[in-house]
Amino acid sequence: MQHPDSPKYQQQKLAAIRAAASVFARKGFHGASTTDIASAMGIKQGSLYYYFQSKEEALAEVCLFGIRDYVTRMEEIAVSQQSFEARLLATVTSHLSSYREKNEALKVHNDERLYLPEIKRIKLKELGSHYRQLLEGLFKDAVRNGEARAGLDCHFAAQSVIGLCNSWGELIVRDPQVDVFEVIRKCTDLLLNGFVHHRLGDANQTLRNN
């Protein structure tokens, strides 16, 4: 047996997490079994317990793997001195490219994490809330600096960016032919420029009339 701190073990553990992510993404938590995960790794079921003590532990590891890195990237974007537009592009790029890099793990986090007991979701909730708060901070900075319109609901804006990215992220996972960078470009353009070509004053008048 490899020592848990050895590079060889860490490499094998990562392979186990990726195998579990693939199985959970395809079958869901309840439809998957430890036998399925072991089969995806090409090992016997008994050997899987060297990496996970249970199917629940495997799900927890997959979810944490899926979300941890892209939260760290958001922390780096949040302290950047770049313009709002550049930071929003960096956010969308990081979020959507995470789906291609992490592939199924981020999808499993979004779809299956609620099957974990509350105590095992605490860290995931903390990371998710931290990500949203950092993104809200980007919008608040933009409002304060005059880069975004006054009165913008920054919480709603942050949740909308997350929702848009998660929705497209699921498609990126399902279809390897999707051009991630084209999706990033179009999502960022939509967020910055909207759908309708008009002056801000005209838009405000339309809202008042409705």
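A residue counts as partly exposed when its relative accessible area falls between the buried limit, under 20%, and the exposed limit, over 50%. Keep that in mind as we walk through this structure, which is a predicted model.

Let's start with E118. At a relative accessible area of 42%, E118 lands in the partly exposed class. Its salt-bridge partner is K125, and the closest N and O atoms of the pair sit 2.7 Å apart. K125 is partly exposed too, with a relative accessible area of 43%. As background, side chains of opposite charge can pair when their charged atoms come close. Across the whole structure, a search turns up 13 salt bridges.

Another of these pairs sits in helix 7, which covers residues 118-144. There D141 forms a salt bridge with R144, with 2.2 Å between the closest N and O atoms. Both residues belong to that helix and are three residues apart, which is about one turn of it. R144 is exposed, at a relative accessible area of 62%, and that is over the 50% cut-off.

Now jump to helix 9, residues 180-193, where R185 and E182 are also three residues apart, about one turn of the helix. Their side chains meet in a salt bridge, 2.8 Å from N to O. R185 counts as partly exposed with 46% relative accessibility, and E182 is partly exposed with a relative accessible area of 30%. Back at D141 and R144, there is a bit more to the story: salt bridges with shared partners tie R87, D141 and R144 into one network.

Next, the helix packing. Helix 4 (residues 55-78) and helix 7 have axes that come within 9 Å and cross at roughly 20°. Angles under 35 degrees count as roughly parallel, so helix 4 and helix 7 are roughly parallel to each other. The crossing of helix 4 past helix 7 is left-handed. If you want to pick out the contact in your viewer, the helix 4 side includes E56, E57, A60, C63, L64 and I67, and the helix 7 side includes K120, K123, L124, L127 and G128. Further along the list you'll find Y70, V71 and M74 among the helix 4 residues, and Y131, L134, L135 and L138 among those of helix 7. Sorted by class, this contact of helix 4 with helix 7 has 15 nonpolar, two polar and five charged residues.

Helix 1 (residues 7-31) and helix 2 (residues 34-41) give us another pair to look at, with axes that come within 8 Å and cross at roughly 135°. Helix 1 and helix 2 are therefore oblique to each other. Here the crossing is right-handed. Helix 1 brings Q12, A15, A16, A19, A20, V23, F24, K27 and G31 to the contact, and helix 2 brings D36, I37, A40 and M41. The class count for helix 1 with helix 2 is nine nonpolar, two polar and two charged residues.

One last stop is S6, in the segment before helix 1. With 16% relative accessibility, S6 counts as buried. As a long-range reference, S6 and E101 are 95 residues apart in sequence, and their C-alpha atoms are 24 Å apart in space.

Technical notes: Residues numbered from 1 in each chain as written. Predicted model: local features only at pLDDT ≥ 70, side-chain atom pairs only at ≥ 80, totals over all residues. Heavy atoms only, no water. Axes fitted to C-alpha atoms, helices over the stretch in contact; angles between N-to-C directions. Helix = DSSP H or I, 4+ residues; strand = E, 2+ residues; numbered from the N terminus. Parallel < 35°, antiparallel > 145°, perpendicular 65-115°, else oblique. Left-handed = near helix turned anticlockwise from the far one by under 90°. Contact = heavy atoms within 4.5 Å. Nonpolar A, V, L, I, M, F, W, Y, C, P; charged D, E, K, R; others polar. Salt bridge = Lys/Arg side-chain N within 4 Å of Asp/Glu carboxyl O. Buried < 20%, exposed > 50% of the residue type's maximum accessible area, 1.4 Å probe, protein only.
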